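Open the model in your viewer and keep the selection box at hand. The stops below say what to select and what is found there.

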Amino acid sequence: MRTLLLLSFLLVLFSCTETKKKTDHHIIEVPKVDQPPTIDGKANDRIWEQASWHALDQNWMGKAYSHEDFNGRYKLAWDSDVLYLLVEIVDDVYFDKTKDPLKLYWDDDCLEIFVDGDNSGGLHQYSYNAFAYHIALDQNVVDIAPDKSEQLFNDHMVMASLTEGNTMTWEIALNIYPGTYTKEGGTKPEKLSKNKKLGFALAYCDNDGSLERENFIGSVFIPGEDKNLAWIDADIFGTLVLKE
């Protein structure tokens, strides 16, 4: 009898406990493209004239930096196949010390795209619940696989970049994959649609010639002292809402 009562209590308790959900924050409405941009690193497509700039200005790691040392901003757009990014980085020194793309990539200058295809949040350090794409200056793309190894994900996006003086412009067409993705193949990118939500954050590792990166600069505010969380926890990602 006591066992039955205990089981009944646990069932009631379980049914009343809501599944933890990510809280939407840093919400950005993303416009749909009428015509896909040409991925050439040039910001001369019609959609980029219409889309709004968003700031890349949250110092997640490192000492305070000057506007001359680094500043960044980005635009977003989408169609049924991909998420488009236009990223403008102004940096006084572009530094790529380690040539092996799978080693110490976070200590070189690199762009980082964090994306959660169903905006569910949660841990993703060693899973495909969300992705943390580290994009090197040579355009190699790295993330950590479930077996804890660093692997290349160059086929997850098409990109081009141009550098004029201290300004580097990235143009990227990013495939969005579900949490059921496997590296062995067979997982197709998701189709995107109106009102779909994506977890998203952008960041840049800035190194002007030191042994380690000097700053880690992100697009969303992270409370607390430890702000190096995006590669582990998708709850800190902002939320994109796809609009027409």
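## Stop 1: Glu-190 and its surroundings

Select Glu-190 first: apart from neighbours up to four places away in sequence, its contacts are Ser-80, Asp-81, Gly-117, Ile-176, Tyr-177, Pro-178 and Lys-196. The model is a predicted one, so treat each stop as a description of a prediction. Glu-190 sits in the loop that links β11 (167–174) to β12 (197–206). Now add Val-82 and draw a C-alpha to C-alpha distance: the pair is 8.5 Å apart in space, with their positions 108 residues apart in sequence.

## Stop 2: Asp-81 and Asn-175

Move to Asp-81, one of the contacts of Glu-190. Asp-81 belongs to the loop between β4 and β5. Beyond the neighbours within four places in sequence, Asp-81 is in contact with Asn-175, Glu-190 and Lys-191. Is Asp-81 buried or exposed? Neither label applies, because its relative accessibility is 36%, and Asp-81 therefore counts as partly exposed.

Select Asn-175 next. From Asp-81 to Asn-175 the C-alpha to C-alpha distance is 7.0 Å, and the two are 94 residues apart in sequence. Asn-175 is placed in the loop between β11 and β12. Its relative accessibility is 18%, so Asn-175 counts as buried; the cut-off for buried is under 20%. Leaving out residues up to four places away in sequence, Asn-175 touches Asp-81, Val-82, Tyr-133, Asp-155, His-156, Met-157 and Pro-189.

## Stop 3: the five-stranded sheet

Switch to a cartoon view and colour the strands β2, β4, β5, β11 and β10. These five form an open sheet in the order β2-β4-β5-β11-β10, and the pairing is antiparallel. At the edges are β2 (54–56) and β10 (157–164), each of which pairs on one side only. From one strand to the next the twist averages 20°.

Within this sheet, select residues 70–78 and 83–91. These are β4 and β5, an antiparallel pair with nine bridges. For one position across the pair, show Tyr-74, which stands opposite Val-87 in β5.

## Stop 4: the nonpolar cores

Show side chains for Leu-83, Leu-85, Tyr-133, Trp-170, Ile-172 and Leu-174. The largest nonpolar core has 39 residues, and these six touch the most other members. Centre the view on Ile-172. Not counting neighbours within four places in sequence, Ile-172 is in contact with Ile-39, Leu-83, Tyr-84, Leu-85, Leu-111, Ile-113, Ile-135, Met-157, Val-158 and Met-159. There is also a second, separate core of 15 residues, with Trp-60, Ala-130, Ile-236 and Phe-237 among them.

## Stop 5: strand β8 and its two hairpins

Select residues 141–144, which make up β8. In a regular strand, side chains alternate between the two faces of the sheet. Both faces of β8 are covered: Val-141 and Asp-143 are buried on one side, and Val-142 and Ile-144 are buried on the other.

Add β7 (residues 131–136), which pairs with β8 in the antiparallel sense over two bridges. His-134 has Val-142 in β8 as its bridge partner. The hairpin of β7 and β8 has four residues between the strands, and Gln-139 in the turn has a positive phi of about 75°.

Then add β9 (residues 150–152), joined to β8 by three bridges and running antiparallel. Ile-144 stands opposite Glu-150 in β9. Five residues lie between the strands of the β8 and β9 hairpin, where Lys-148 takes a positive phi near 70°.

## Stop 6: two more positive phi values

Most residues other than glycine have a negative phi. Select Leu-104, in the loop between β5 and β6 (110–116). Its phi is near 50°, a positive value, and Leu-104 is partly exposed because its relative accessible area is 39%. Go on to Asn-195, in the loop between β11 and β12. Phi of Asn-195 is near 75°, again positive, and at 41% relative accessibility Asn-195 counts as partly exposed.

## Stop 7: the cavity

How many cavities of 30 Å³ or more does a search of the whole structure find? It finds one. The largest cavity holds about 80 Å³ of space. To locate this cavity, select its lining residues: Asp-96, Thr-98, Lys-99, Asp-100, Pro-101, Lys-103, Tyr-105, Asp-108, Ala-136 and Asp-138.

Note on methods:
Residues are numbered from 1 along each chain as its sequence is written. Side-chain values use heavy atoms; hydrogens and water are left out. Two strands pair if DSSP finds at least two bridges between them. Axes are lines fitted to C-alpha atoms, for helices over the stretch in contact, and angles run from 0 to 180 degrees between N-to-C directions. A nonpolar core is a set of buried Ala, Val, Leu, Ile, Met, Phe, Trp, Tyr and Cys residues joined through side-chain atoms within 4.5 Å. Buried means under 20% relative accessible area, exposed over 50%, partly exposed in between (1.4 Å probe, protein chains only). Contact means heavy atoms within 4.5 Å. On a 1 Å grid over the protein atoms alone, a cavity is a set of points where a 1.4 Å probe fits but cannot get out, and a pocket is an open set with protein on both sides within 12 Å along at least five of seven lines; lining residues have an atom within 4 Å of a point. Grid points are joined across faces, edges and corners, and a volume is the space filled by probe spheres set on the points.
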